Structure formats: C-alpha cells, structure tokens
Amino acid sequence: MLKEGLTHTSEVLISPMLTAIAMGSGDLDVFATPAMVALMENAAMKAVKDELDEGYTTVGAHLDISHLRPSKRDKHITATATLIKIDGKKLYFNVEAHEGENLIGKGTHMRVIVHKESFLKNL
C-alpha cells in the first residue's frame, strides 16, 4: 500500500563512466550531477515499486535538486528518497545524496504513476 514515509537508499561507486567528463556535463573528473540525479530517481522509483499494482510503474516528472559539493572517483555515494506526499497519481519525494557522512546533494522529486503498457503505447 502506498503511504507517506516509504523510503529507499540506492548506492553507487563513482566509476569513470559517472564523471562529468564522461557524461558531458562538465570538464572535470568528478561525480557528474546527472549521475547523482539518476541515483536519486532510482531511489524514489524503488521506494514505491513494490507497493504499486501489477503493470504499473512510476516515471520522473519534476526535479528540484542542488548539487552541493564535489566527489572524486572511486568514492561510494548513497541516495535516499522518502515519499512525503501522495496526490492522486503524483508522488512527491525528498531526496538526499551522501558521500559517507557528507551531504553532497538534496532536493525534491515528483514521480507519476503510469500503466506501463498504456504509457509505451502512447509514445
């Protein structure tokens, strides 16, 4: 059952593929903002996926994220998403990313519940 407070933490080790240089979002060998955002979205998706009816999933619809500090390659990053509001098919999350104890990113994320088959059929 979907309810406020559902949470999930996703994690990644910063590989060369997750750097700003590799992702084209910058020219430094540091954790890319798009990679951090993807990790946050993954945590939000996983926080609710087991509570959805069969055939349904969520898709990202809005992000308001701040990347607060850089992280070097080979560092371990976690992103935690917590469901804070349900408005029909819209799900709102607080998201945070950490490198160890250090907060490196935070913000809000909204996802929408969709029927997988119908969503793909309407592309």
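A charge is taken to sit over a ring if NZ of Lys or CZ of Arg is within 6 Å of the ring centre and within 35 degrees of the ring normal. With that in mind, look at K85 and Y92 in this predicted model: K85 lies over the face of Y92, at 5.1 Å from the ring centre. Aromatic rings offer no pairs with one another here, since a search of the whole structure finds zero aromatic pairs.

Let us step back to the sheet. Five strands make up an open sheet, and reading across it gives the order β1-β3-β4-β5-β2, with antiparallel pairing. At the edges stand β1 (7-13) and β2 (56-67); each has a single partner strand, so one side of each is left without a neighbour in the sheet. From one strand to the next, the twist averages 25 degrees.

Now follow the chain through β3, β4 and β5. The strands β3 and β4 pair in the antiparallel sense over 10 bridges, and along this pairing I86 stands opposite L91 in β4. Their hairpin has two residues between the strands, and G88 takes a positive phi near 65 degrees there. Next comes the pairing of β4 (residues 90-99) with β5 (residues 102-115), which is antiparallel and runs over 10 bridges. Here H98 stands opposite L103 in β5. These two strands also form a hairpin with two residues between them, and G100 in the turn has a positive phi of about 60 degrees.

What lies at the heart of the nonpolar packing? The largest nonpolar core has 25 residues, of which F31, V48 and F93 touch the most other members. Two or more residues each are given to this core by α2 (33-48), β3 (76-87), β4 and β5. The largest share, eight residues, comes from α2. F93 is a good place to pause and look around. Leaving aside its neighbours within four places in sequence, F93 is in contact with A44, A47, V48, A81, T82, L83, I84, G107, T108, H109 and R111.

Helix α2 is also the place of A38. Is this residue buried, exposed or partly exposed? A38 has a relative accessible area of 42%, so it counts as partly exposed. Its C-alpha atom and that of M23, 15 residues apart along the chain, are separated by 12 Å.

Finally, turn to E4, which is found in the segment before β1. E4 counts as exposed because its relative accessibility is 51%, and the cut-off for exposed is over 50%. Which residues does E4 contact, leaving aside its neighbours within four places in sequence? They are L83, I84, K85 and I86. K85 is the residue that lies over the face of Y92, while I86 is the one that stands opposite L91 in β4. By contrast with these contacts, the C-alpha atoms of E4 and R69, 65 residues apart along the chain, are separated by 29 Å.

Definitions and conventions:
Residues are numbered from 1 along each chain as its sequence is written. This is a predicted model: local features need pLDDT of at least 70, side-chain atom pairs count only at pLDDT 80 or more; totals for chains, interfaces and linings use all residues. Side-chain values use heavy atoms; hydrogens and water are left out. Two strands pair if DSSP finds at least two bridges between them. Helices (H or I, at least four residues) and strands (E, at least two) are DSSP runs, numbered from the N terminus. Axes are lines fitted to C-alpha atoms, for helices over the stretch in contact, and angles run from 0 to 180 degrees between N-to-C directions. Rings of Phe, Tyr and Trp (its six-membered ring) pair if their centres lie within 6.5 Å; planes under 30 degrees apart count as stacked, over 60 as edge-to-face and the rest as tilted. A nonpolar core is a set of buried Ala, Val, Leu, Ile, Met, Phe, Trp, Tyr and Cys residues joined through side-chain atoms within 4.5 Å. Buried means under 20% relative accessible area, exposed over 50%, partly exposed in between (1.4 Å probe, protein chains only). Contact means heavy atoms within 4.5 Å.
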